[in-house]
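Colleague: Before I rely on any label attached to this chain, I would like to hear the reasoning behind it. Could we go through the terms one at a time?

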Amino acid sequence: MTSSVHPPRPGPGGTSPDKLVFTVPSGWRRVTPARFGRESRRDPLLPQLIRNCLLDDDAEQCVQVRLTAADAGNPAARALLDSEAGTALHLHRVLADTEYATLFPRIIGYELDAAEPFLLYAAPRGTAAARTHVMAASDQQRLTRDLMLALCLLDGQGLVPRGVSPATVLWDGARVQLWGLEGVARTGRPRSPWGRQPFCSPEQRQGEGLADARDAVWSAAQVLYRLVTGRPGPADRAPADLGEHRVLDQTLRHAFAPRAADRPTPAQVLDLVAPGAARRVRLTLPADEMRSHREAFEESLRLKRQAPVVRSEDASGTAAGNGTGEVLCPYCLETIQLDLTKLFVTDSRMQYQPLDLGGIKNPVRRHDVMRGAVQKCTADADFPEHFIPVPYLMYGRPLTVAMVGQSSTGKSHLLTQMIAAVTDGGLEPFGVKWQSVNPEQHARFVRERVQPLRSGKVLDHTAALGRDDFARFVESLLITDARGQVRPVAFFDLGGEDLVRTDAALRFLLGVDALIFVVDPALALPLPQLEHVRERWGVEVNRDGDLAFGTVLDRLRKSGPYLEVPAAMVLGKADLLRFQPPVDRWLSRPQATALDPVLMHQESRDVYGLLRRHAGQAWLRPFDAIRRCTLHIASATGGQEAHGRYPAGAGPRRVLEPLLALLAMHGLIDVPGGAETFAVGQTPVVEAVPWPGAGGAEGTQDREDAEGSGGEELQ
């Protein structure tokens, strides 16, 4: 699909000023009166509307691209506008202080969580090529140079403009301005049909293969052929009369190849029309600001790999029990085993009644009754009365997972969407199946948490424990791995106020097998785009880290230089930062269907760098204290709430990855290289086999290797 950009004649229209509130590219908020002109649809096949706009505070002329409230209710339409904003902001960050900034629309501001989300651009510069029948020969070379410059710059950022067409290529007689940012895709992502013939490449039109920068080379060649000849070219091959146009033929003959692999790259074409220009582009782009943080991450992993591993009993979580049928009670932490004389079921008033299995001879019915039964644990007479689901006691050593974070960090929303992703079949690509431990408990979890959240309702805060109460898991599943091993997996979700207690309420942590630490970006990151969120929520940046993190870590057993309980750190509410590097790279990725240790390593490295650079080391305490700890980016809702609801619905993004990492570290999901390498990285040869007299060079070489393998930016 292509978009038609209005000529640069923005005017105030005849309406009285409206108050416009939006975020500027630096992240700060701007409030200004605004006047709007006549509105039209930017493309008949796309939902975005466009209109001229005058910002009255400084008489700034611009255009507004927006969605109506009805269209904004469609997640696909919002995602399209989000993608456009992300591309525009990324280009602004990279090119704002360079000579190349004018090649693209200049974003003025955005407001994407509103009922009617919008973007603001500076007025377009030039006239759409679609309005030119045949371009003068004197202009053709300059337009070709600029167009290839734009494609080369996008390619350098891992971006593919799928919407290059006469409608999106603007020309003012001296320079090009390339619009159509709503059609930009990331290099290497699966192609989807986009664009119109003949300007979209054959593979792009059919949605085959992976997005490639050479897709845009086809589009640019078709635009140039149209400007030279005044007519469109064939949709699947080179024009028959290409040889009659000498300059076009010499420059772009191979650009019309039906397959991307047979076309030149943007840089190769650019060097034909402007030798050396591609190299100058690379030298102009800003230096890498994350290098020192990547080096610190790799050094931390190196120290973890070299530290002695002191495993506590069952620390790996892979044992299936101790051979006696005994498991650890998740509440009182005493051992317990199945005892058919201590079973109970709930009656219609949700009161426990004793269960006598003596009269149930049918094995199928007996198994079904036991699935809904609980056993009273009497292992600790001084502990408050508590009951354990029977299936929890039948499949060897359970795996317990605790969510950690102070109040309002989004732990409950994240856990709810995580469980929902499991029940939607998210584990099946990994050969893992699930079943509820207790059908009644699972039905209640779905009814009280999953269904309301999916319908757009904000969940209530987790209720605090009473003074003498104890932590209970809120959901439990039976997980069957690819080898057929079954293990119960139970999830604890306490309120933040309980996670900073130092009394017996947190004793259950001594038996926990895995932890998920949830970082609230509003509390951790002093970024300007989060200021209005902090003001709305009444919170401030805490440079000392999450108090709950410290309390929990201090409560865990430690028998070596690192804690051995596997953990995942999650930068939650990541939709707040969806345009901030490196969040923009990861949040847009689809849900994983395979665990790639290289990608997991890169995501952990990127999150570590973001927190280290902006939040400080205190927020990385879980990673520093725990030997096997991965870092992730996730959003449980995909947007912000308004009046107790999520206007566009709760659209989770990457919520399952933290659980997948924990299951891999516990051996329930097989990963290349094994669970240990997955958690702490591959040992480089220079680290595993030191040479005499290496001295401090080992660490230097290690950092150089890490740097060389970590140069990938956007995918």
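**Labels and their grounds**

Modeller: Let us begin with a single pair in the sheet: Val-401 has Ala-514 in β22 as its bridge partner. Please keep in mind throughout that this is a predicted model.

Colleague: What makes β18 and β22 a pair of strands?

Modeller: Two strands pair if at least two bridges are found between them, and β18 (residues 399-404) and β22 are joined over 4 bridges, in the parallel sense. β22 and β23 satisfy the criterion as well, with 5 bridges, again in the parallel sense, and there Val-519 has Leu-571 in β23 as its bridge partner.

Colleague: How do you know that β22 is covered on both faces?

Modeller: In a regular strand the side chains alternate between the two faces of the sheet, so each face has to be examined separately. On one side of β22 stand Ala-514, Ile-516 and Val-518, on the other Leu-515, Phe-517 and Val-519, and all of these are buried. For the strand as a whole (residues 514-519), 6 of its 6 residues are buried.

Colleague: Why is Lys-573 called buried?

Modeller: The cut-off for buried is under 20% relative accessible area, and Lys-573 counts as buried because its relative accessibility is 17%. Lys-573 lies in the loop between β23 and α16, and its phi is positive, about 50 degrees, although it is not a glycine.

Colleague: And what makes Arg-654 count as buried?

Modeller: Arg-654 is at 8% relative accessibility and therefore counts as buried. Its place is the loop between β24 (629-633) and α19 (657-665), and it has a positive phi, near 55 degrees, in a residue other than glycine.

Colleague: Why is α11 called roughly perpendicular to α12?

Modeller: The axes of α11 (residues 411-423) and α12 (residues 439-454) cross at roughly 110 degrees and come within 10 Å. Angles of 65 to 115 degrees count as roughly perpendicular, and therefore α11 is described as roughly perpendicular to α12. Where the two helices meet, the residues include Leu-415 and Ile-419 in α11 and Phe-445 and Leu-453 in α12; by class, this contact has 6 nonpolar, 6 polar and 2 charged residues.

Colleague: What makes β7 and β10 edge strands?

Modeller: The open sheet has 3 strands in the order β7-β9-β10, with antiparallel pairing. β7 (127-128) and β10 (176-178) each have a single partner strand, so one side of each is left without a neighbour in the sheet. Strand β9 (residues 169-171) is joined to β10 by 3 bridges, and Leu-170 stands opposite Gln-177 in β10. Across β9 and β10 lies helix α3 (residues 137-156), running at about 35 degrees to β10.

Colleague: How do you know that the bond between Gln-197 and Pro-198 is cis?

Modeller: Omega is about 0 degrees for the peptide bond joining Gln-197 and Pro-198, which is cis; Pro-198 lies in the loop between β11 (184-186) and α4 (202-206). The peptide bond from Pro-581 to Pro-582 is also cis, with omega near 0 degrees, and Pro-582 is found in the loop between β23 (567-571) and α16 (583-587).

Colleague: Finally, how do you know that the span of α9 is close to the expected one?

Modeller: Helix α9 (residues 291-306) has 16 residues and reaches 23 Å from its first C-alpha to its last, against the 22 Å expected at 1.5 Å a residue. Among its buried residues are Phe-297, Leu-301 and Arg-305.

How values were computed:
Residues are numbered from 1 along each chain as its sequence is written. This is a predicted model: local features need pLDDT of at least 70, side-chain atom pairs count only at pLDDT 80 or more; totals for chains, interfaces and linings use all residues. Side-chain values use heavy atoms; hydrogens and water are left out. The expected span of a helix is 1.5 Å times one less than its number of residues. Buried means under 20% relative accessible area, exposed over 50%, partly exposed in between (1.4 Å probe, protein chains only). Axes are lines fitted to C-alpha atoms, for helices over the stretch in contact, and angles run from 0 to 180 degrees between N-to-C directions. Angles under 35 degrees count as roughly parallel, over 145 as roughly antiparallel, 65 to 115 as roughly perpendicular and the rest as oblique. Contact means heavy atoms within 4.5 Å. Ala, Val, Leu, Ile, Met, Phe, Trp, Tyr, Cys and Pro count as nonpolar, Asp, Glu, Lys and Arg as charged, and the others, Gly among them, as polar.
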